[in-house]
Amino acid sequence: MPFINYQEREITFKLVYYGPGMSGKTTNLMYIHKMLDTERKGEMIILDTEEDRTLFFDFFPMELGEIAGYNVRFNMYTVPGQVYYEASRKLILDGADGVIFVADSDPLRFEANLELYRMMEQNMLSYEMDPQTFPVVLQYNKRDIEDPIPLGAMEEQLGLNGIPVFESVAVRGEGVMDTIRKASQMVIERFQL
Amino acid sequence: MTEKVKSETREILSKLVNNSGAMTAILITKQGSIVADAGETSYLNITAMAALVAGMFSATREVARMVGENEFSILLQQGKQRHIHISLITDEIMMVIVFEDYNRIGQVRHEARKCGELLTASLAPSQEDVSSAKDVSEPQFKEYALNLIDRIFQG
């Protein structure tokens with residue numbers, strides 16, 4: 001559920017980019033941040049290691065604008081992808097209203113994608129979020145590599161029916177906006193005042 | 001939240017800032033959203049601060065659990081010139097106090113504890129809040145929001 005501040009008449013949604021290490025979560029976020037008008041975005045915070053890998057999370061707030069007397073904001077987060085940061089990933093998922101799962105299209109990362117997705121579902125259950133109904137969008141990133149994982153392969157392995165799927169090359173911005181647009185729409189459609 | 005409660009919350013926070021000699025007091029949710037603030041905030045990016053403090057608090061809660069505690073109700077970060085005192089107000093809301101004179105830590109703690117009780121009562125959403133939210137037409141809200149999203153995230 002989003003946070004509604006009746007005092008300031010603000011509604012804040014939380015969107016989380018999830019996925020294995022180096023799949024392109026931060027790249028997605030940085031591209032969106034770059035493309036948004038200045039008045040719509042806050043400063044982007046990147047907490048990374050010396051090797052440019054996300055340590056805790058990346059974050060920026062995005063102002064949607066005033067709707068029906070409420071200022072509506074999306075707080076955008078990424079999680080760290082490395083397996084040993086599972087505790088951080090779980091914490092960041094807490095209170096999320098929607099998830100963009102960024103999968104790496106490299107066939108060598110197929111198992112890592114599946115493992116992270118399954119762990120995400122476990123984490124959702126621990127917060128009493130139903131993975132079947134929770135807004136999740138699947139993005140197959142790095143589609144410019146040779147012999148990428150075929151579309152549908154992850155859904156088949158994970159038993160996902162009807163999940164919205166997008167192809168992307170986040171370093172070039174391809175597919176990034178389509179993915180976030182769909183995820184935001186799903187979050188709004190599910191919202192109940 | 002009614003205007004009355006709104007000003008009450010601000011008043012409680014402002015009193016805390018005055019009585020403790022702190023620079024800033026901010027109420028944030030565990031998810032990292034700002035509820036209210038008082039004192040000087042122009043030197044701070046409070047949105048980012050809220051997200052970071054919420055993350056820090058969550059991480060510390062997990063550490064607490066590892067050593068057999070449910071959570072640590074107070075976090076204190078001591079710097080050279082500025083310090084941060086973070087305390088849980090309700091299950092969902094925490095208060096961040098930024099202060100400069102470390103000798104005032106006792107006063108900060110005392111005021112934080114005192115304000116905690118007042119804020120707990122003040123922050124409970126009233127029936128009026130809920131009815132006021134219900135006044136917003138949900139289909140209309142969704143339609144506007146979806147249009148905005150289409151415009152903002154053009155490919």
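# Briefing on a predicted two-chain model

In chain B, 50% of the contacts with a separation of 6 or more join residues that lie 24 or more positions apart. The model described here is predicted. Its largest nonpolar core has 39 residues, and its largest cavity encloses about 140 Å³ of space. Both draw on elements of chain A together with elements of chain B.

**Chain B as a whole**

- Chain B contains 5 helices and 5 strands, and their order from the N terminus is α-β-β-α-β-β-β-α-α-α.
- Chain B has 155 residues, and 47% of them count as buried.
- The area that chain B exposes is about 8000 Å², of which carbon and sulfur atoms supply 49%.

**Nonpolar cores**

- Within the largest nonpolar core, the residues that touch the most other members are Ile32(A), Leu64(A), Phe74(A), Ile180(A) and Phe153(B).
- The elements of chain A that give two or more residues to this core are strand 2 (10-18), helix 1 (25-35), strand 4, strand 5 (70-78), strand 6 (98-104) and helix 5 (176-190), and helix 5 (138-152) of chain B does so as well.
- With 7 residues, helix 5 of chain A gives the most to this core.
- Apart from its neighbours within four places in sequence, Ile32(A) is in contact with Tyr17(A), Phe60(A), Met76(A), Val176(A), Met177(A) and Ile180(A) in chain A, and with Phe153(B) in chain B.
- A second core, separate from this one, has 33 residues, including Phe59(A), Leu116(A), Met124(A) and Ile149(A).

**The cavity**

- The structure holds 1 cavity of 30 Å³ or more.
- The lining of the largest cavity consists of 16 residues, and those nearest its centre are Lys14(A), Leu91(A), Lys30(B), Ala54(B) and Ser58(B).
- Two or more lining residues come from each of strand 4 (54-67) and helix 2 (86-93) of chain A and helix 2 (46-66) of chain B.
- Helix 2 of chain B supplies the largest share of the lining, 6 residues.
- By type, the lining residues comprise 8 nonpolar, 4 polar and 4 charged.

**Two buried residues of chain B with contacts in chain A**

- Thr47(B) belongs to helix 2 of chain B, the element that gives the largest share of the cavity lining.
- Thr47(B) counts as buried because its relative accessibility is 16%, which is under the 20% limit.
- Leaving aside neighbours within four places in sequence, Thr47(B) is in contact with Phe59(A), Pro61(A) and Arg73(A), as well as with Gly32(B) and Ile34(B).
- Ser33(B) sits in the loop between strand 1 (24-29) and strand 2 (34-39) of chain B.
- The relative accessible area of Ser33(B) is 6%, so this residue is buried.
- Beyond residues up to four places away in sequence, Ser33(B) touches Phe3(A), Thr12(A) and Asn75(A) of chain A, together with Leu27(B) and Ile28(B) of its own chain.

**Positive phi angles in loops of chain A**

- Most residues other than glycine have a negative phi.
- Ala68(A), which is not a glycine, has a positive phi near 50°.
- Ala68(A) is located in the loop between strand 4 and strand 5 of chain A, and its relative accessible area of 27% makes it partly exposed.
- Asp147(A) also has a positive phi, of about 50°, although it is not a glycine.
- Asp147(A) is placed in the loop between strand 7 (136-141) and helix 4 (153-158) of chain A.
- Asp147(A) counts as exposed because its relative accessibility is 59%, which is over the 50% limit.

**Helix 3 of chain A**

- Glu111(A) and Ser126(A) both lie in helix 3 of chain A, which covers residues 110-126.
- Glu111(A) counts as exposed, at 54% relative accessibility, whereas Ser126(A) is partly exposed, with a relative accessible area of 41%.
- The C-alpha atom of Glu111(A) is separated by 9.4 Å from that of Met154(A), a residue 43 residues apart from it along the chain.
- For Ser126(A) and Ala87(A), which are 39 residues apart along the chain, the separation of the C-alpha atoms is 12 Å.

Note on methods
Residues are numbered from 1 along each chain as its sequence is written. Chains are lettered from A and ligands numbered from 1 in the order in which they are written. This is a predicted model: local features need pLDDT of at least 70, side-chain atom pairs count only at pLDDT 80 or more; totals for chains, interfaces and linings use all residues. Side-chain values use heavy atoms; hydrogens and water are left out. On a 1 Å grid over the protein atoms alone, a cavity is a set of points where a 1.4 Å probe fits but cannot get out, and a pocket is an open set with protein on both sides within 12 Å along at least five of seven lines; lining residues have an atom within 4 Å of a point. Grid points are joined across faces, edges and corners, and a volume is the space filled by probe spheres set on the points. Helices (H or I, at least four residues) and strands (E, at least two) are DSSP runs, numbered from the N terminus. Ala, Val, Leu, Ile, Met, Phe, Trp, Tyr, Cys and Pro count as nonpolar, Asp, Glu, Lys and Arg as charged, and the others, Gly among them, as polar. A nonpolar core is a set of buried Ala, Val, Leu, Ile, Met, Phe, Trp, Tyr and Cys residues joined through side-chain atoms within 4.5 Å. Buried means under 20% relative accessible area, exposed over 50%, partly exposed in between (1.4 Å probe, protein chains only). Contact means heavy atoms within 4.5 Å. Accessible areas come from the Shrake-Rupley method with a 1.4 Å probe; for residues, only the protein chains shown count as cover.
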